[in-house]
Amino acid sequence: MELSLGVHSARLVDPEDLTGFAVVLDGDEDASPEALAAGGVLGLGDHAWVRTEALRRLAGPVATPEWEDAFAAMLDYARSRGWVDDEHGAVRGHVERRVSAPVTPVVNGDAA
């Protein structure tokens, strides 16, 4: 599961994959305070602390009772590693930055 943070948005990618958690900064600009708030991000550096309630909200209809059971198991594992802050209701994820490659337009089968 990845929390993808754009400049002005937050979305959950692959919420069904509960085998890992990362916070991905999309592009070369930093996420706005609004995007951080929408993603439930409490702190951001090499790692990020993210509110678990925000992850549940962003999972949307994927967050079935079965998903919730698997999410709880993921949090239990993370807790055993020191990656859960129960006081703030947050889980830690490593932060990655992904910058899109430039697009090369093609005209009549040749790169422009």
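In this predicted model, Ala 48 stands opposite Gly 93 in strand β7, and that pairing belongs to a set of five bridges through which strand β5, residues 47-51, is joined to β7 in an antiparallel arrangement. Strand β7 itself covers residues 90-98, and following its other pairings gives a convenient route through the sheet.

On the side of strand β3, residues 22-26, the relation to β7 is a parallel one, and it is again made by five bridges. Within the strands concerned, Asp 26 is the residue that stands opposite Arg 98 of β7. Strand β6, which comprises residues 84-85, is joined to β7 by two bridges, and these two strands run antiparallel; Val 84 has Val 91 of β7 as its bridge partner. The strands β6 and β7 form a hairpin with four residues between them, in which Gly 89 adopts a positive phi near 60°.

A second hairpin is built from β1 and β2, likewise with four residues between the strands. Four bridges join β1 to β2, the latter being residues 10-13, and the two run antiparallel. Glu 2, which lies in β1 (residues 2-5), stands opposite Val 13 in β2.

What does Glu 2 touch, once residues up to four places away in sequence are set aside? Its contacts are Arg 11, Leu 12 and Val 13, together with Ala 22, Val 24 and Arg 98. With Arg 98 there is also a polar contact, in which the two side chains are joined at 2.8 Å. Arg 98 is thus met twice along this route, as the residue opposite Asp 26 and as the side-chain partner of Glu 2.

Turning to the helices, the axes of α2 (residues 52-59) and α3 (residues 65-80) come within 12 Å and cross at roughly 150°. Why are these two helices described as roughly antiparallel to each other? An angle over 145 degrees counts as roughly antiparallel, and the crossing angle here is roughly 150°, so α2 and α3 receive that description. The crossing in which α2 passes α3 is right-handed. On the α2 side the contact is made by Thr 52, Leu 55, Arg 56 and Ala 59, while α3 contributes Trp 67, Glu 68, Phe 71 and Leu 75. By character, the residues of this contact divide into five nonpolar, one polar and two charged.

Note on methods
Residues are numbered from 1 along each chain as its sequence is written. This is a predicted model: local features need pLDDT of at least 70, side-chain atom pairs count only at pLDDT 80 or more; totals for chains, interfaces and linings use all residues. Side-chain values use heavy atoms; hydrogens and water are left out. A polar contact is a pair of N or O atoms within 3.5 Å; within protein, one must be able to donate a hydrogen and the other to accept it, and residues adjacent in sequence count only if both atoms are side-chain atoms. Contact means heavy atoms within 4.5 Å. Axes are lines fitted to C-alpha atoms, for helices over the stretch in contact, and angles run from 0 to 180 degrees between N-to-C directions. Angles under 35 degrees count as roughly parallel, over 145 as roughly antiparallel, 65 to 115 as roughly perpendicular and the rest as oblique. A crossing is left-handed if the near helix is turned anticlockwise from the far one by less than a right angle, and right-handed if clockwise. Ala, Val, Leu, Ile, Met, Phe, Trp, Tyr, Cys and Pro count as nonpolar, Asp, Glu, Lys and Arg as charged, and the others, Gly among them, as polar. Two strands pair if DSSP finds at least two bridges between them.
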